[in-house]
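Grab a pencil and work through these exercises with the model open beside you. Try each task before you read its solution.

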Amino acid sequence: MVNLFKKELSYYFNNPIGYIIAILFAVFANFLFIKDLFLRGDSSMRPFFDILPWLFLIFISALTMRIFAEERRVNTIEVLLTLPISETTIVVAKLFALLIFSGFILLLSLSIPLTLMAIGKPHLLEIIMAYGGVFLLSASFISVSIFFSSLAKNQIVAFLCSVLTIFLLMVVGGDFLAFFIPRFIQENLNFFSPLYHYSNFLKGLVDLRSVVYFISFTMLFVFLTVINLEKRE
Amino acid sequence: MIVLDKVSKFFGEKKALDDVSFKVKEGEIIGFVGPNGAGKTTTMRVIVGYLKPTAGEVTIDEKNPIDDRIDVLKQIGYLAENNPLYLEMKVSEYLNFITSIKDDRENLHSLKKQTGIEEIWQSKIEELSRGYKQRVGLAAALIGDPKILILDEPTSGLDPIEQEKIRNLIKTLGKKKTIILSTHILPEVEDVATRVIIIDKGKIVYDGAKPKRRGEVERLFKRLIK
């Protein structure tokens with residue numbers, strides 16, 4: 001698994017596409033936070049962490065869309081699936097490589113807490129917890145995108161399906177749904193939304209249910225991807 | 001031994017393989033020939049477990065390439081049709097990657113020599129000529145010292161000199177390995193194979209020893225394929 005992980009990771013570090021996505025993310029994330037920093041007048045990173053899932057919705061899907069779709073297009077998937085390694089190993093290695101690269105992208109947002117520390121007194125533990133939440137959130141987003149990339153031969157189709165699915169999951173527990181459905185249903189649906197669980201981390205809490213949710217969510221989509229690869233149709 | 005027992009494969013409504021059965025004994029070199037779209041590549045893909053048969057069974061030394069895929073794939077070297085490669089990688093990176101997965105460091109040095117890729121070892125795969133790409137694909141298939149080689153159109157698109165080199169390499173390899181060589185180049189079969197299987201429209205239409213007379217495979221092919 002380590003060798004495949006290294007190969008996948010080196011693709012992103014040796015290819016302009018990885019850096020383009022990383023730089024675009026850094027520009028957007030830093031700009032969207034800094035533009036209102038002095039208007040807000042506090043040193044909380046909460047506004048940054050609030051917009052992060054929406055940025056990840058686009059950036060993670062863009063980063064991941066090629067992971068299987070490109071292999072299908074140029075048929076290297078045939079090389080991969082006729083090597084003596086299991087489908088689970090292939091999917092997990094790709095997931096970890098993307099997770100590490102997402103971690104690298106997140107490092108580019110460290111300028112924000114460093115700036116805040118220079119001009120104020122941000123709550124460091126809260127920031128660390130929130131980054132932990134971002135890490136789990138990105139694992140779940142990556143797993144959805146990997147699944148759609150394994151289904152599609154076209155990267156754009158994979159990207160659009162991934163964005164739409166993650167978007168629907170994000171808004172499934174949103175307050176606006178209470179206009180259309182009974183309150184108790186909306187509250188129960190809320191539990192299925194990654195945003196609901198992510199928000200627990202933003203409060204500086206580590207809710208075990210949320211950790212289990214993200215791990216189960218990621219494993220479910222890894223499992224679905226493995227099933228899809230095993231179909232051999 | 002490789003056994004295909006009444007293997008059929010459908011793609012939707014289209015029948016790509018129709019009740020295909022044959023056995024390949026150890027040490028045989030099979031020339032698997034047929035016109036375009038006859039089912040050669042599908043057969044190769046079913047043997048290596050890349051495709052699941054719709055009906056029938058494939059076994060390699062009594063193991064199923066789908067259920068026991070890791071064990072089976074350790075015994076097989078496979079050169080897929082059109083030789084898909086990770087073009088962004090260097091030859092060294094690609095073959096080291098395959099080596100690490102097949103866990104076979106010892107043979108890499110001799111393979112470089114055998115396949116004639118020493119001089120392009122540090123080149124990017126996308127910059128290589130078709131002939132060199134084919135050699136890299138062949139080297140990748142040979143890593144792990146597999147007992148069985150499945151080669152799908154290994155000389156397709158190469159110039160006559162490159163074709164000759166690859167063919168000689170296959171002949172050398174055939175002294176130690178079981179080989180299934182899928183091709184539509186009939187002289188290649190006459191040159192290399194010990195047995196000929198002809199497939200047309202998903203059905204086996206001929207399975208027998210290679211005719212001794214030069215040009216006989218072509219005559220047989222023209223007679224059987226309408």
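**Warm-up: hollow spaces**

Searching the whole structure turns up three cavities of 30 Å³ or more. A cavity here is a set of points, on a 1 Å grid over the protein atoms alone, where a 1.4 Å probe fits but cannot get out; a pocket is an open set with protein on both sides within 12 Å along at least five of seven lines; and lining residues have an atom within 4 Å of a point. Grid points are joined across faces, edges and corners, and a volume is the space filled by probe spheres set on the points.

Some ground rules: this is a predicted model, where local features need pLDDT of at least 70, side-chain atom pairs count only at pLDDT 80 or more, and totals for chains, interfaces and linings use all residues. Residues are numbered from 1 along each chain as its sequence is written, chains are lettered from A and ligands numbered from 1 in the order in which they are written, and side-chain values use heavy atoms, with hydrogens and water left out.

**Exercise 1. Describe the largest cavity: its volume, its lining and the classes of its residues.**

Step 1: the volume is about 170 Å³.

Step 2: 17 residues line the largest cavity, and those nearest its centre are A:Val79, A:Thr82, B:Tyr78, B:Tyr94 and B:Ala140.

Step 3: look for the elements behind that lining. H6 of chain A and S5, H3 and H5 of chain B each supply at least two residues. (Helices, H or I with at least four residues, and strands, E with at least two, are DSSP runs numbered from the N terminus.)

Step 4: sort by class. You get 12 nonpolar, three polar and two charged residues. Ala, Val, Leu, Ile, Met, Phe, Trp, Tyr, Cys and Pro count as nonpolar, Asp, Glu, Lys and Arg as charged, and the others, Gly among them, as polar.

**Exercise 2. Do the same for the largest pocket, and find which helix gives the most to its lining.**

Step 1: the largest pocket holds about 960 Å³ of space.

Step 2: its lining has 37 residues, with B:Leu85, B:Tyr86, B:Leu87, B:Glu88 and B:Met89 nearest the centre.

Step 3: at least two lining residues each come from helix H1 (2-13) and helix H5 (66-73) of chain A, and from H3 and helix H5 (130-142) of chain B. The top contributor is H1(A), with six residues.

Step 4: the classes are nine nonpolar, 12 polar and 16 charged.

**Exercise 3. Place A:Ile77: which helix holds it, and is it buried or exposed?**

Step 1: A:Ile77 sits in helix H6 (residues 76-80) of chain A.

Step 2: its relative accessibility is 1%, so A:Ile77 counts as buried. Buried means under 20% relative accessible area, exposed over 50%, and partly exposed in between (1.4 Å probe, protein chains only).

Step 3: list its contacts (heavy atoms within 4.5 Å). Setting aside neighbours within four places in sequence, A:Ile77 is in contact with A:Phe68, A:Glu71, A:Arg72, A:Leu229 and B:Tyr50.

Step 4: check the second largest pocket, with about 310 Å³ of space. Among its 14 lining residues, A:Ile77 is one of the closest to the centre, along with A:Arg72, A:Glu233, B:Tyr50 and B:Leu51.

**Exercise 4. Where is B:Asn83, and what does its side chain contact?**

Step 1: B:Asn83 is in the loop between strand S5 (76-79) and helix H3 (91-102) of chain B.

Step 2: B:Asn83 counts as buried because its relative accessibility is 9%.

Step 3: its side chain makes a polar contact with the side chain of B:Gln134 at 3.5 Å. That term means a pair of N or O atoms within 3.5 Å; within protein, one must be able to donate a hydrogen and the other to accept it, and residues adjacent in sequence count only if both atoms are side-chain atoms.

**Exercise 5. Compare B:Asp61 and B:Glu62 by phi and exposure.**

Step 1: B:Asp61 is in the loop between strand S4 (55-60) and helix H2 (69-74) of chain B, and B:Glu62 lies in the loop between S4 and H2 of chain B.

Step 2: though not a glycine, B:Asp61 has a positive phi of about 50 degrees. B:Glu62, not a glycine either, has a positive phi of about 65 degrees.

Step 3: B:Asp61 is partly exposed at 29% relative accessible area, while B:Glu62 is exposed at 77%.
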